[in-house]
Amino acid sequence: MSLETLHAQLDATVRRSPDRTAVDDPGRATLSYRELGALSDRVRDRLVLLGVKPGDRVGLYMVKSADAIATIFGILKAGAAYVPVDPTAPPARCAYILNNCSVRVILTERRLEPALREEIGKLGNVPPLLLLDMDATDSLPLALMLDREDAAGRAPVAATADPGPAGLAYILYTSGSTGKPKGVMLTHRCGVSYVDWCSAVFQPTEHDRFSSHAPLHFDLSILDIYVPLKHGGTLVLIGEEMGKDPLNLAPLIAEKRITVWYSTPSILSLLAQYGKLARHDYSALRFVFFAGEVFPVPQLRAIKASWPQPRYFNLYGPTETNVCTYYEVPAQIPAERTEPFPIGKTCEHLECKVVDLDGSTVSAGDEGELVVKGPGVMVGYWNLAEQNAAAFLVDPDGTRWYKTGDLVVEDAKDGYIFHGRRDRMVKRRGYRVELGEIEAGLATHVQAKEVAVVALPDKDAGVKIKAFLSLKDGVKPSIIEMKAFSMEKLPKYMVPDVFTFLEALPRTSTDKIDYQTLKTL
Amino acid sequence: MTNEEIMRTVKEYILATFLPGEDPKALTESTQLITGGVLDSLATLELVSFLEQKYGIELQAHEVDAANLGTLTSIAALVQSKASARA
């Protein structure tokens, strides 16, 4: 098998370096390459026995763990695409995703099973569930589950599938403007071309220890997982709670001798501000990558003051292309600099250009929308014909350019400079948030008459989300009640910071909600 | 310094900082601050900084969680125990 699939790259490392540590899940488990290979083979065998075929989707609905990594490779080895779902998001949203792309099997945790069954049951048939007891302390829960299933009927060894570069590898769901998340379909070619580009530029070695800070449903996880495992390095898992807790995270990065750190700017800002970094030794760090949102220069300066020696890269790109441009932050940030750094030049495996509203290339230095083509670009959105037609600029010869929706200008020296968005999408702590999805969630409140959500830039938080509601007659809900309601309906990062109740929302002369006025309230 | 005084001070801080426009009566001693979405992870860290400065205490990493900071009642108990340990 060629190295054209993500799991073939892992298997090559398993043969080359079976005894090196592949995954370190601090305080819980470590897996050597041999163990990761064997465990993912067993997942493959079980999935094949359950009828999973190349081209199918399989749900991954569990906390990040060594088992979750082995499960991902097991799904790929069965020839299927994995669909990672946020275990901290409201169950109804997770069930929607798993039902939307009709997963054939779901690997999940026993504690999540009752709510999952109930919510998926409302939408259709519940696919077979493979349940992990994550509280098990004496062994890896995944191995225990497979043993239990084998005791009831042994799964015969199946061949590892070769779906080829065009085979679907994963579907990542992002916020959708209509109120429902949409599934970005990415192939092995997308993943492998990106991993190979990272390898060429950053030259990772088997001595590297990569952080895995991003959740598995987030596109940063692709670099985290597949780059170190291609090269025999170690993936150090950082769980959801640890990941946003700078007081505990700061010593962990030092103790684990992490060499390559990758996260959103938000967590780097938190580490600089609250992590008491001077107490620890970060001499192992070689690279700090950040992505997902703009890094304000004062906060970037703060983390560079604490961690002066690594090289810093801004990695830019939407989930639909993963990283498509990159920029190395200069070792010394000029004292007078206040504007954020550029998103930089095009990654060598892709092509970018800047176009106007008609799709024509703009004159050098003019603002326009960044569009991207090449092997890293998604196939399309799962089952959304209309959005797929709108997402691409198609040349007369059929070449497809993904329209990022990001407005940029090109600078001859620094590459692309980010100017803003063409639509109502914002980035909050690195997550993509369609304000329309928040509005759709809040509109389901029994008292809500009209809902509008705006985002305003904020010095500390990057962006603040403000919700405005007018209410039906009856008891006015408290702001606390609205926050708790939002927590039930939306992922945490979509919960508005501020709620304001108005008699009626302001309207424009054409009777549309006047968002410009709302931004000034 | 009584528990009531601490709760009043922290309540005023949370209302002013994280709940602008809220009716003060809606924030009770048992309102779920973390699981109820009043304090996200960033807001929790801001609250910790406020408590450390206001009361001259230092919270350890393992103390920053929903059990200790989840309600006004638990916050007051934590501040009292840290302040008395220091005295």
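Visitor: What does A:Ser102 count as, going by relative accessibility?
Guide: Partly exposed, because its relative accessibility is 43%. The cut-offs are under 20% relative accessible area for buried, over 50% for exposed and partly exposed in between, with a 1.4 Å probe and protein chains only.

Visitor: What am I looking at, and how is stuff numbered?
Guide: It's a predicted model, where local features need pLDDT of at least 70 and side-chain atom pairs count only at pLDDT 80 or more, while totals for chains, interfaces and linings use all residues. Residues are numbered from 1 along each chain as its sequence is written, chains are lettered from A and ligands numbered from 1 in the order in which they are written, and side-chain values use heavy atoms, with hydrogens and water left out.

Visitor: Back to A:Ser102. Where is it?
Guide: In chain A's loop between α4 (91–100) and β5 (105–109); helices (H or I, at least four residues) and strands (E, at least two) are DSSP runs numbered from the N terminus. The phi of A:Ser102 is near 40°, which is positive in a residue other than glycine.

Visitor: And what's the phi of A:Asn322?
Guide: Near 55°, again a positive value in a residue other than glycine. A:Asn322 is in the loop between β13 (311–316) and β14 (325–328) of chain A.

Visitor: Is A:Asn322 buried or exposed?
Guide: A:Asn322 counts as buried because its relative accessible area is 8%. A:Ala161 is buried too, at 13% relative accessibility, and its place is the loop between α6 (141–152) and β7 of chain A.

Visitor: New topic. Which domains does chain A have?
Guide: Domain 1 (6–243), domain 2 (352–421) and domain 3 (425–518), with bounds from an automatic or database domain assignment. The C-alpha centres of domain 1 and domain 2 of chain A are 30 Å apart.

Visitor: How many residues go into the contact between those two?
Guide: Domain 1 of chain A puts in 17 residues and domain 2 of chain A 10 residues, where contact means heavy atoms within 4.5 Å. They bury about 1,100 Å² between them, 70% of it on carbon and sulfur atoms; buried area is the accessible area (1.4 Å probe) that two parts lose on being put together, summed over both.

Visitor: Which residues on the domain 1 side lose the most area?
Guide: A:Lys182, A:Met185 and A:Cys190, together 45% of what that side buries against domain 2 of chain A.

Visitor: How many salt bridges cross there?
Guide: The rule finds 0 between domain 1 and domain 2 of chain A, taking a side-chain nitrogen of Lys or Arg within 4 Å of a carboxyl oxygen of Asp or Glu as a salt bridge.

Visitor: Moving to chain B. How many of its residues are in contact with chain A?
Guide: 23 residues of chain B, against 21 residues of chain A. The buried area there is about 1,700 Å², with 62% from carbon and sulfur atoms. B:Leu42, B:Leu45 and B:Ala61 supply 28% of the area chain B buries against chain A, more than any other three residues.

Visitor: How many salt bridges between chain B and chain A?
Guide: 3 by the rule. One salt bridge joins B:Asp40 and A:Arg429, whose closest N and O atoms are 2.6 Å apart.

Visitor: Which helix gives the most to the side of chain B that touches chain A?
Guide: Helix α2 (residues 41–55) of chain B, with 5 residues.
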